[in-house]
Amino acid sequence: MKARKLLGIILLASVAIVGCNKVKDLETKVYEKTVVEAAAPGAPDSLSVNVKLEYPVAGTVSTALTKMVSTIVGRSFEGTVQATDIESAVEDYVDSTLKSYKTTYAEISRKGEEGTDSYIPEMSWEDNISGEFVGFYKNFASYLVTAYSYEGGANGLSGVIAMVFDTATGEIVPESRFFKEGVSSEVAALLSARLEESMPDAESYETLFVKDIAPNGNFYVSDKGVTYLYNPMDIGPHSLGTICVTLPWEDVTKYVAL
């Protein structure tokens, strides 16, 4: 491992922050926890975990609020926690992530000391998850979960999951319900036509693996229109990050069922 300044057992104590926001008709709060902790006493490696989630607390019926919160938890942590409320879920996720990291570190260190594995990787890792409301259309609220994980190597893993909630019921609105039946090819043509202008430059556009793109279910709505997200390696190299293609309402409204 590379020599670095001794980090100690706990570098940064966990901090929970609860704030209040107003997002259109929904009242929301934000819960955040950040922990940076060494892999073991005296170890040069550490894990940094940051989770920051916005969630609704008022503005619609309680059953809808409960469904939205449950979905946000499920999509943010991919079924790795049992809790359904935001605060408990965040706490459980951070605790379990730290435990898993320390177990992995101890096992790799043991193999290195025993000589059964000559390769001991650098293990200063990161794990970041954030979620927030990003747009509204009629009674639909859009929410994005952004995740980044680094476990050594040249690049970390990143991605964005989009959700569209019906604020009246709290249910997710899938692509099949949001758009009229049988318009997938028309929406695909619009996406392909808007792809090049969505890229930062012509060189980036030329590096894409796929230029005739199609609806992939990963979309959100806002006052600008319908935005589709294509995560790293979906249609282009990792270096491009998540690619966002927005279809303005004037182009796409005739294909929307709701």
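Me: K102 is partly exposed, with a relative accessible area of 28%, and I would like to learn how to read such a value in this predicted model. Which residue does the side chain of K102 meet in a salt bridge?

Reply: The general idea is that side chains of opposite charge can pair when their charged atoms come close. In this structure the side chain of K102 meets that of E37, with 2.2 Å from N to O. This salt bridge joins distant parts of the chain, since K102 lies in helix 2 and E37 in strand 2, 65 residues apart.

Me: Does E37 count as buried or exposed, and why?

Reply: E37 counts as buried because its relative accessibility is 14%, and buried means under 20%. K102, at 28%, is partly exposed because its value falls between that cut-off and the 50% above which a residue is called exposed.

Me: Which residue forms a salt bridge with E171, and where in the chain do the two partners lie?

Reply: E171 pairs with K67, and their closest N and O atoms are 2.8 Å apart. E171 sits in the loop between strand 6 and helix 3, whereas K67 belongs to helix 1, so that the pair spans 104 residues of the chain. E171 is partly exposed at 37% relative accessible area, and K67 is likewise partly exposed at 37%.

Me: How many salt bridges are there in total, and which residues are linked with R194 in a network?

Reply: The count comes to eight salt bridges. R194 is linked in a network with E197 and D251. Within this network the side chains of E197 and R194 meet at 2.8 Å from N to O, and both residues lie in helix 4, three residues apart, which is about one turn of the helix. E197 is exposed, with 55% relative accessible area, while R194 is partly exposed at 22%.

Me: Turning to the interior, which residues have the most contacts inside the largest nonpolar core?

Reply: As background, in soluble globular proteins nonpolar side chains tend to be buried together. Here the largest nonpolar core has 36 residues, and those with the most contacts inside it are V51, L53, F77, I86, V90 and Y143. Helix 2 gives the largest share, eight residues. I86, leaving aside residues up to four places away in sequence, touches Y31, L53, Y55, V69, I72 and V73. There is also a second, separate core of 28 residues, which includes F140, V226, V245 and L247.

Me: What share of the residues in the whole protein chain counts as buried?

Reply: The chain has 258 residues, of which 44% count as buried, and it contains six helices and nine strands. Among contacts between residues at least 6 apart in sequence, 58% join residues at least 24 apart.

Me: What is the volume of the largest pocket, and which residues are the closest to its centre?

Reply: Rolling a probe the size of a water molecule over the atoms shows where empty space is left. The largest pocket has a volume of about 420 Å³. It is lined by 22 residues, and the closest to its centre are E78, Y93, I129, A147 and S149. The elements that give two or more residues to this lining are helix 1, helix 2, strand 4, strand 5 and strand 6. By type, the lining divides into 10 nonpolar, nine polar and three charged residues.

Key
Residues are numbered from 1 along each chain as its sequence is written. This is a predicted model: local features need pLDDT of at least 70, side-chain atom pairs count only at pLDDT 80 or more; totals for chains, interfaces and linings use all residues. Side-chain values use heavy atoms; hydrogens and water are left out. On a 1 Å grid over the protein atoms alone, a cavity is a set of points where a 1.4 Å probe fits but cannot get out, and a pocket is an open set with protein on both sides within 12 Å along at least five of seven lines; lining residues have an atom within 4 Å of a point. Grid points are joined across faces, edges and corners, and a volume is the space filled by probe spheres set on the points. Helices (H or I, at least four residues) and strands (E, at least two) are DSSP runs, numbered from the N terminus. Ala, Val, Leu, Ile, Met, Phe, Trp, Tyr, Cys and Pro count as nonpolar, Asp, Glu, Lys and Arg as charged, and the others, Gly among them, as polar. A nonpolar core is a set of buried Ala, Val, Leu, Ile, Met, Phe, Trp, Tyr and Cys residues joined through side-chain atoms within 4.5 Å. Buried means under 20% relative accessible area, exposed over 50%, partly exposed in between (1.4 Å probe, protein chains only). Contact means heavy atoms within 4.5 Å. A salt bridge is a side-chain nitrogen of Lys or Arg within 4 Å of a carboxyl oxygen of Asp or Glu.
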